[in-house]
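Thank you all for coming. I would like to take a few minutes to walk through one protein model, and I will ask you to keep the picture in view while I speak.

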Amino acid sequence: MEENVKETVKQLLTEYLEANGHRKTPERYAILEAVYTIKGHFGIDELYNYMETESKFRVSRATLYNNIILLVDANLIIKHKFGNSSQFERAYKNETHHHMICTDCGKVTEFQDETLKRSIADTKLKKFTASHYSLYIYGTCSKCTWAKRRRKKNK
C-alpha cells in the first residue's frame, strides 16, 4: 500500500510539473519521497535533517523551502500554522484528523473523533466544495496544567 501511495504521488507531481512548465529534477522527487516517508507533522528543519541523515540526498535549505512551496501548491503537502511555527504533513491518502495545540509549550497532539468528522461531513456549504479541512483546538496540555499548579503551590 505505502509503495502504491509513493508511486501515485510521484505521478501526480510529474503531471503537476508538466502542466505548470516546471522541470522534473531529482531533488523534487527526493523531497517528495522524504515527505511521504515521514510519519505525521514535520518542520523544515526536521525534513532537512531527515534528508541529510536518512535519505542521504543532500539539498540546500533554499531548495527545500522552494520545493515545499511547490508541493503545497501541487496539493501534495498540507501546511499548518501552529502558533508561530509552520508544520507540514502529507496530503494524499492522509486520514482526516484534528489537532490540539498547547498554548504554553507548543505541543501538537493529533486526535480523531468520529462525531466531529460526521458533523463536518454533514455540514452543507453553500457555493463551496471542500477538499479537506483542519480543526485546531487551542488550550493547555495536562503536563503544563500540572506544572502551573505546582508553581502556584510553591509560591
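I will begin with the overall fold, then turn to the hairpin, the salt bridges and a charged patch.

Please keep in mind throughout that what you see is a predicted model. The protein has 6 helices and 5 strands, and if you read along the sequence, the elements follow the pattern α-α-α-α-β-β-β-β-α-β-α. Taken along the principal axes, the box filled by the C-alpha atoms is roughly 60 × 45 × 30 Å, and of the 155 residues in the protein, 32% are buried.

Let me turn to the hairpin. Strand β1, residues 77-82, pairs with strand β2, residues 85-90, in the antiparallel sense, and the pairing runs over 6 bridges. If you would like a landmark, find isoleucine 77, which stands opposite arginine 90 in β2. The two strands have 2 residues between them, and in that turn glycine 83 has a positive phi of about 65°.

For a view further along the chain, look at serine 134, in the loop between α5 and β5, the latter being residues 136-139. Serine 134 is partly exposed, at a relative accessible area of 32%, and its C-alpha atom is separated by 12 Å from that of glutamate 89, although the two residues are 45 apart along the chain.

Now to the salt bridges: how many are there in this model? The count comes to 8, and I will pick out three pairs and one network.

The pair I would show you to begin with is arginine 61 and aspartate 45, whose closest N and O atoms are 2.7 Å apart. This salt bridge links distant parts of the chain, since arginine 61 belongs to helix α4, residues 61-73, and aspartate 45 to helix α3, residues 44-53, with 16 residues from one to the other. Both partners are partly exposed, arginine 61 at 35% relative accessibility and aspartate 45 with a relative accessible area of 46%.

Next comes aspartate 104 with lysine 148, a salt bridge in which the closest N and O atoms are 3.0 Å apart. Here, too, distant parts of the chain are linked: aspartate 104 sits in the loop between β3 (98-102) and β4 (108-111), while lysine 148 is in helix α6, residues 142-154, and the two are 44 residues apart. Aspartate 104 is partly exposed at 40%, and lysine 148 is likewise partly exposed, at 33%.

The remaining pair, glutamate 114 and lysine 117, has its closest N and O atoms 3.6 Å apart. Both residues lie in helix α5, residues 114-122, and because they are 3 residues apart there, about one helical turn separates them. Which of these two partners is buried, and which is partly exposed? Glutamate 114 counts as partly exposed, at 46% relative accessibility, whereas lysine 117 is buried, with a relative accessible area of 15%.

As for the network, Lys6, Glu7, Lys10 and Glu33 are linked with one another by salt bridges.

Finally, I would point you to a positive surface patch, which is formed by Arg149, Arg150, Arg151, Lys152, Lys153 and Lys155. One of its members, lysine 153, lies in helix α6, and this residue is exposed, with a relative accessible area of 72%.

That is where I will stop, and I am happy to take questions.

How values were computed
Residues numbered from 1 in each chain as written. Predicted model: local features only at pLDDT ≥ 70, side-chain atom pairs only at ≥ 80, totals over all residues. Heavy atoms only, no water. Salt bridge = Lys/Arg side-chain N within 4 Å of Asp/Glu carboxyl O. Helix = DSSP H or I, 4+ residues; strand = E, 2+ residues; numbered from the N terminus. Buried < 20%, exposed > 50% of the residue type's maximum accessible area, 1.4 Å probe, protein only. Patch = residues over 30% accessible without salt bridge, like charges linked within 9 Å, V, L, I, M, F, W, Y side chains within 5 Å. Areas by Shrake-Rupley, 256 points an atom, 1.4 Å probe, with all protein chains shown as cover. Lys, Arg positive; Asp, Glu negative; His and termini not counted. Charge placed at Lys NZ, Arg CZ, Asp CG, Glu CD. Pairing = 2+ DSSP bridges.
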